[in-house]
Amino acid sequence: MTGVPDTTGLLRMGDLAEQAGVSPATVKHYLREGLLQSDGDAAQGIAIVRTSRNMAYYPPAFVERIRLVRRLQEERFMPLRAIREVLADGPDRARDLVGRRDEIIERALSQQGPVLTDRADLVAATGVPESALDKLAELRVMGDGTRGYDPDEVRIVQAFMRFRDTGFGEELGFTVYDALRYVEALEPLVREETQTFLHRMVDRDVAPERAVELMLSATDPLRELVGAVHGHVLRRELARERRKA
């Protein structure tokens, strides 16, 4: 029948939302924000087909674009305005950003694993009670040591034992639970730090291998920075308490 738009291969709103893993309301929001269509779509035959005032069919290419927008939102914390600017050059630019980000992560995770310390050796070297190791694992301060403890976990135990040696023991109310507050405080900071690092490396077209090199070389200076800031803030907090007295 003439005059009837061809919707072969196109998706209804509900199907588009389902395949992209979002709600129809999210799809409609992205459409209003101009996030799903680019200037080159017409030349590639990518277009929305409207069959009536309240019915439209959408190209399958929108599924991947919605997923890209979600990743840029959730993994790079990009506002929709910035995502629109990236997508203005076409979805290939957005895919490139996500791809380089993923490559940096994969290269970092595939670095040669650290030498692991056996549980018995850690107990013998530090004198840490095994019950303390079990509790630290239960609180997610560190792993359970099934495959051994990595250097950072060894440092946590060493620091914990040195802390106890200074007199901060259970008789004063200091237990492994006190280590949990540092995990809870640092997790959001490290999450933000990771996103900022990845964002800057990708935006500045830093090669993935160089990005990983920079990240690894910054580990020790960053530990020193965190320790120094902690000491400074502690003195500032004590001074504040003195003023309150």
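Is R119 buried or exposed? With the predicted model open in the viewer, select R119 to begin the tour. R119 is buried, its relative accessible area being 18%, which falls under the 20% limit for that class.

**Stop 1: R119 and helix 6**

R119 belongs to helix 6. Display its side chain together with that of E130: a polar contact of 2.9 Å joins the two. Extend the selection to the residues that R119 contacts beyond its neighbours within four places in sequence; these are E130, L133, D134, D144 and Y149.

Now select the whole of helix 6, residues 119-126. Three of its residues, R119, L122 and T126, are buried. They lie on the same side of the helix, because the arc they cover around the axis is only 60°. The spacing follows a general rule: an α-helix has 3.6 residues a turn, so residues three or four places apart point the same way. Rotate the view to the face turned away from the buried side, where the exposed residues A124 and A125 are found. On the buried side, show helix 7 (130-138) and helix 8 (151-165), against which the buried residues of helix 6 pack.

Both ends of helix 6 merit a selection. At the N-terminal end, D118 acts as the cap, with a side-chain oxygen 2.9 Å from the backbone nitrogen of A120. Following the helix is G127, which has a positive phi, near 75°.

**Stop 2: the aromatic cluster**

The next selection is F163, F168 and F174, which form one aromatic cluster. The structure holds 3 aromatic pairs. In one of them, the ring centres of F163 and F174 are 6.0 Å apart and the planes stand at 75°, so the pair is edge-to-face. This pair links distant parts of the chain: F163 is in helix 8, while F174 is in the loop between helix 8 and helix 9 (177-203), 11 residues apart. F168 and F174 also make an edge-to-face pair, with 4.9 Å from centre to centre and 85° between the planes.

Colour the three rings by accessibility. F163 is partly exposed at 38% relative accessible area. F168 counts as partly exposed at 33%, and F174 is likewise partly exposed at 27%.

**Stop 3: the nonpolar cores**

Which residues touch the most other members of the largest nonpolar core? Select L16, V27, I66, I83 and I104, which hold that position in a core of 37 residues. Then display the helices that each supply at least two residues of this core: helix 1 (13-20), helix 2 (24-32), helix 3 (61-76), helix 4, helix 5 (91-109), helix 9 and helix 10 (208-217). Helix 3 gives the most, with 6 residues.

Centre the view on I66. Not counting residues up to four places away in sequence, I66 touches L16, A20, V22, V27, Y30 and L36. For the second, separate core, which has 17 residues, select V128, V141, M161 and V183, which are among its members.

**Stop 4: helix 5**

Return to helix 5 and select its buried residues, P91, A94, L97, V98, R100, R101 and I104. Among the elements covering these residues are helix 3, helix 4, helix 9 and helix 10. The length of helix 5 can be checked directly in the viewer: at 1.5 Å a residue, its 19 residues should span 27 Å, and the end C-alpha atoms are 27 Å apart, which agrees.

**Stop 5: R84 and E18**

Select R84, in helix 4 (residues 80-87). R84 is partly exposed, with 31% relative accessibility. Apart from residues up to four places away in sequence, R84 touches E33, G34 and L35. A distance label drawn from R84 to A94 should read 9.9 Å between C-alpha atoms, for two residues 10 apart along the chain.

The final selection is E18, located in helix 1. What is the accessibility class of E18? E18 counts as exposed, at 65% relative accessibility, and the class requires over 50%. To finish, label the C-alpha distance between E18 and V63: the two are 9.1 Å apart in space and 45 residues apart in sequence.

Terms used
Residues are numbered from 1 along each chain as its sequence is written. This is a predicted model: local features need pLDDT of at least 70, side-chain atom pairs count only at pLDDT 80 or more; totals for chains, interfaces and linings use all residues. Side-chain values use heavy atoms; hydrogens and water are left out. Buried means under 20% relative accessible area, exposed over 50%, partly exposed in between (1.4 Å probe, protein chains only). Helices (H or I, at least four residues) and strands (E, at least two) are DSSP runs, numbered from the N terminus. The arc is that of the directions from the helix axis to the C-beta atoms. Contact means heavy atoms within 4.5 Å. A polar contact is a pair of N or O atoms within 3.5 Å; within protein, one must be able to donate a hydrogen and the other to accept it, and residues adjacent in sequence count only if both atoms are side-chain atoms. Rings of Phe, Tyr and Trp (its six-membered ring) pair if their centres lie within 6.5 Å; planes under 30 degrees apart count as stacked, over 60 as edge-to-face and the rest as tilted. A nonpolar core is a set of buried Ala, Val, Leu, Ile, Met, Phe, Trp, Tyr and Cys residues joined through side-chain atoms within 4.5 Å. The expected span of a helix is 1.5 Å times one less than its number of residues.
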